[in-house]
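Visitor: Could you walk me through this model and tell me how each label is earned?

Guide: Gladly, let's look at it together.

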Amino acid sequence: MSRKQNGFGNFKVSSVKSVEKSLKPGKVGAPGIYPSDRRFGSSVTRTVIQQYDIESNWAKWRKGVEFFYNAYWYTLYKKDTNGDVVLDGNGNKETVLIDSKLYQGTGYEIDVKFSGWRFSSQSTDTSNHYVIKRTNTQTPNLGIISQVYNDSSATYTVGSNPTRTISGASNYSHKEIWIKSTNSSDLVLYSIGERIRDSSTEATLKNVLNDQLHPAIYLGKTSTKKKPTVKVTVPLSTVLATDFIAANDGDVQSLIGQIGSLGAYSKETAITSETFTDHNYDFDITLDVTENNQTFQILDNPLNLPPAVLDISSMSKLYESSAASFNFNPTYTFSKQYYQRFFGDQYLTAGLAEDECNKYSYSIMPFVINSVLVVGNNLEITSIPFEANIKLFSDTADRYFIFTDHSFTIKSLDTYNGVDYHTPGDPANPNPWYRLDTDVDPWMDEVFTSGQNLTIADVYCCSCPNFSNTIIRVPEQTANDGKKINNRQYRYPLPTAMSKIDFQNEGLSEVAGIVQSWETFKQRTGFKLCKHTIAIMFNDNLKVKEPNTYPSLDTRLNFEANLEKSMEENWSQRNNSFKRTALTNMELVYTLAEGLNLDEVETASVLLETKF
Ligand SMILES: [Zn+2]
């Protein structure tokens with residue numbers, strides 16, 4: 001018989017919650033609105049303070065400094081095909097991984113070199129992030145700074161016959177700093193999105209206008225629905241005579257998958273009989289190009305790297321002909337919305353664009369061979385369908401350069417009242433410390449100096465999501481404990497309905513299975529930073545100044561407590577990740593593509609053409 005209860009319920013001690021437990025609230029979620037079911041189309045709404053904390057560069061800076069003090073990286077050295085480290089002329093390990101060219105094939109090529117560092121990470125599929133530094137070995141002159149229009153209350157009158165006005169207020173609302181450049185080089189027409197510098201100021205170039213303040217560049221892209229191919233025709237007998245075909249028992253199909261190259265064919269040419277077609281919101285230009293007596297090469301593709309990131313002259317030739325012909329018949333589309341504002345009341349039509357512009361530039365990148373067909377005495381070699389772009393130019397010697405106002409940095413010698421507090425270096429190679437200020441307000445601070453030359457800056461880029469606002473998915477079979485497959489995306493937002501508009505995102509939407517990007521225009525055109533690039537800048541004697549976008553106190557206290565813990569975890573993780581020997585092509589390629597200033601279409605084509 002059970003004991004009679006007293007009528008007031010169960011009074012067993014074990015059933016009473018401890019005071020501490022019962023007073024402790026349940027888990028408090030973040031105060032913003034975070035849908036529990038984060039599917040495509042759902043939106044995350046953060047509070048103002050949360051957003052500020054996320055956008056604050058301070059946390060990145062703080063972690064970067066910590067990484068630097070701990071020398072928390074692994075320098076990548078060039079390796080030969082046997083996997084042995086290559087030595088440079090002085091017997092030191094070679095740190096230049098790849099020599100490449102900017103604007104390959106455009107006639108404005110610049111030699112650049114890449115060096116790299118690897119950081120371990122728990123939040124990627126490959127447990128590594130790569131920082132790549134692009135160093136220019138040439139400093140081309142883009143033009144001479146003649147005037148800086150950075151007074152937001154001024155109206156400037158420029159030009160003559162007719163004169164035109166630049167409204168500081170309008171530029172301020174568009175977040176743009178305009179400058180006038182004289183004797184400007186046509187290279188600048190290829191440098192949109194680049195970091196441009198004089199001797200101390202650096203900023204991201206957003207646009208270029210001609211001397212009438214009308215667009216100097218119109219960028220068109222092929223539609224993803226109708227991607228062009230290029231068909232190259234060469235004499236069959238010359239192909240059959242190659243060692244490569246002989247080694248493959250005379251089978252021309254063995255060429256499929258190799259790289260076809262028209263010498264990185266690029267043409268800047270006057271507008272003549274091209275077809276311009278007007279639509280309501282965009283206009284098209286259609287080319288129909290047939291060229292004879294072209295140089296054509298078939299290159300061996302053993303590295304599985306896409307051609308755009310390699311110096312193609314260093315790849316071994318399987319075949320070469322100077323008697324090739326090719327046909328290329330693409331249609332490119334231009335979105336009017338980006339250009340209409342510079343014409344005021346005048347309506348931009350295909351006809352007006354045709355009148356304004358005098359030349360255009362398009363290129364045919366080296367391509368992966370998709371099919372070959374014997375036709376009579378010839379072999380027709382067809383590329384995989386690719387996305388391509390075209391630039392229409394309105395060409396004048398004086399130009400106006402437009403920079404995004406949130407992208408400015410100023411670099412100066414790291415001295416205080418003329419005194420350098422750093423330990424002096426080797427007098428023969430002083431390599432002094434510089435200070436990089438990332439909190440420049442170009443509307444208040446003095447930026448760009450009249451009379452100085454503009455050139456292209458060196459850049460640091462990183463494969464981490466914090467830098468690129470993109471996640472690259474290379475699913476790992478197992479986590480380090482050998483048990484479960486990790487979903488690495490849990491810490492980053494999925495692209496939502498608030499992501500980029502279709503035209504901007506056209507290229508990358510193709511590789512959605514590989515890359516997911518939530519990069520906004522502001523992020524893309526700003527000065528990109530992450531803790532890894534900050535650490536490497538410090539390592540390069542470039543001291544990044546503590547940013548003044550200080551996070552809220554709560555966040556800071558939390559942050560300092562967590563930093564110590566996470567550094568310890570990172571150290572143990574470091575050994576795990578560095579055991580993996582192979583460089584992951586995907587991340588390296590993505591980082592290089594960023595460093596080469598490839599646009600989305602080019603980046604997408606690079607990623608798609610890489611075999612993983
Ligand atoms: Zn990074």
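Guide: Let's start with Asn293, which is placed in strand 17 (residues 289-299). This is a predicted model, by the way. Asn293 has a positive phi of about 55°, although it is not a glycine.

Visitor: Why is Asn293 called exposed?

Guide: Asn293 has 9 other C-beta atoms within 10 Å. The cut-off for exposed is 12 or fewer, so Asn293 counts as exposed.

Visitor: Which other residue has a positive phi of about 55° although it is not a glycine?

Guide: That is Asp249, found in the loop between helix 6 (243-247) and strand 13.

Visitor: What makes Asp249 exposed?

Guide: Asp249 has 7 C-beta neighbours inside 10 Å. Set against the limit of 12 or fewer, that count makes Asp249 exposed.

Visitor: Strand 13 came up just now. How do you know that strand 13 pairs with strand 21?

Guide: Strand 13 (residues 259-261) is joined to strand 21 (residues 367-375) by 2 bridges. Pairing requires at least two bridges, so this counts as a pair, and the two strands run antiparallel. Within it, Ile259 stands opposite Val368 of strand 21.

Visitor: What do strands 13 and 21 belong to?

Guide: They are part of a barrel that 6 strands close, in the order 12-18-17-13-21-22, with antiparallel pairing. From one strand to the next, the twist averages 45°. Strand 17, the home of Asn293, is in that barrel order too.

Visitor: What holds paired strands together in general?

Guide: Strands of a sheet pair through backbone hydrogen bonds, in either a parallel or an antiparallel way.

Visitor: Which strands form the open sheet, and in what order?

Guide: The open sheet has 7 strands, ordered 14-20-23-11-19-16-15, and the pairing is antiparallel.

Visitor: Why are strand 14 and strand 15 said to stand at the edges?

Guide: Strand 14 (266-270) and strand 15 (275-278) each have a single partner strand, so one side of each is left without a neighbour in the sheet. Neighbouring strands of this sheet are turned by 25° against each other on average, with direction ignored.

Visitor: How do you know that strand 16 and strand 19 are paired?

Guide: Strand 16 (residues 282-286) and strand 19 (residues 331-335) share 5 bridges in the antiparallel sense. Since at least two are needed, the pairing holds. One of the matches sets Asp282 against its bridge partner Ser335 in strand 19.

Visitor: What makes strand 8 largely enclosed?

Guide: 5 of the 7 residues of strand 8 are buried, so the rest of the structure largely encloses this strand. A buried residue has 20 or more other C-beta atoms within 10 Å.

Visitor: Which strands are joined to strand 8 (residues 176-182) by bridges?

Guide: Strand 5 is joined to strand 8 by 5 bridges, running antiparallel. Strand 24 (residues 399-404) is joined to strand 8 by 6 bridges, also antiparallel. On the strand 24 side, Trp178 stands opposite Ile402. On the strand 5 side, the bridge partner of Ile145 is Ser181, and that of Ile144 is Thr182.

Visitor: What is the bridge partner of Ile144 in strand 27?

Guide: In strand 27, Ile144 has Asn453 as its bridge partner. Strand 5 (residues 143-149) and strand 27 (residues 453-456) run antiparallel and are joined by 2 bridges.

Visitor: Now the helices. Why are helix 3 and helix 11 called oblique to each other?

Guide: Helix 3 (residues 58-69) and helix 11 (residues 531-539) pack at an angle of about 50°, with their axes 7 Å apart. Roughly parallel ends under 35 degrees and roughly perpendicular begins at 65, so the two helices are oblique. Their crossing is right-handed. Residues making the contact include Trp61 and Phe68 of helix 3 and Ile534 and Phe538 of helix 11. The contact residues divide into 7 nonpolar, 2 polar and 3 charged.

Visitor: What makes helix 11 mostly covered?

Guide: In helix 11, 7 of the 9 residues are buried, among them His532, Ala535 and Met537. Just after helix 11, Asn541 takes a positive phi of about 65°.

Visitor: And how many helices and strands does the protein chain have?

Guide: The chain has 14 helices and 31 strands. Of its 612 residues, 35% count as buried.

Conventions: Residues are numbered from 1 along each chain as its sequence is written. This is a predicted model: local features need pLDDT of at least 70, side-chain atom pairs count only at pLDDT 80 or more; totals for chains, interfaces and linings use all residues. Helices (H or I, at least four residues) and strands (E, at least two) are DSSP runs, numbered from the N terminus. Axes are lines fitted to C-alpha atoms, for helices over the stretch in contact, and angles run from 0 to 180 degrees between N-to-C directions. Angles under 35 degrees count as roughly parallel, over 145 as roughly antiparallel, 65 to 115 as roughly perpendicular and the rest as oblique. A crossing is left-handed if the near helix is turned anticlockwise from the far one by less than a right angle, and right-handed if clockwise. Two residues are in contact if their C-beta atoms, placed from the backbone, lie within 7 Å. Ala, Val, Leu, Ile, Met, Phe, Trp, Tyr, Cys and Pro count as nonpolar, Asp, Glu, Lys and Arg as charged, and the others, Gly among them, as polar.
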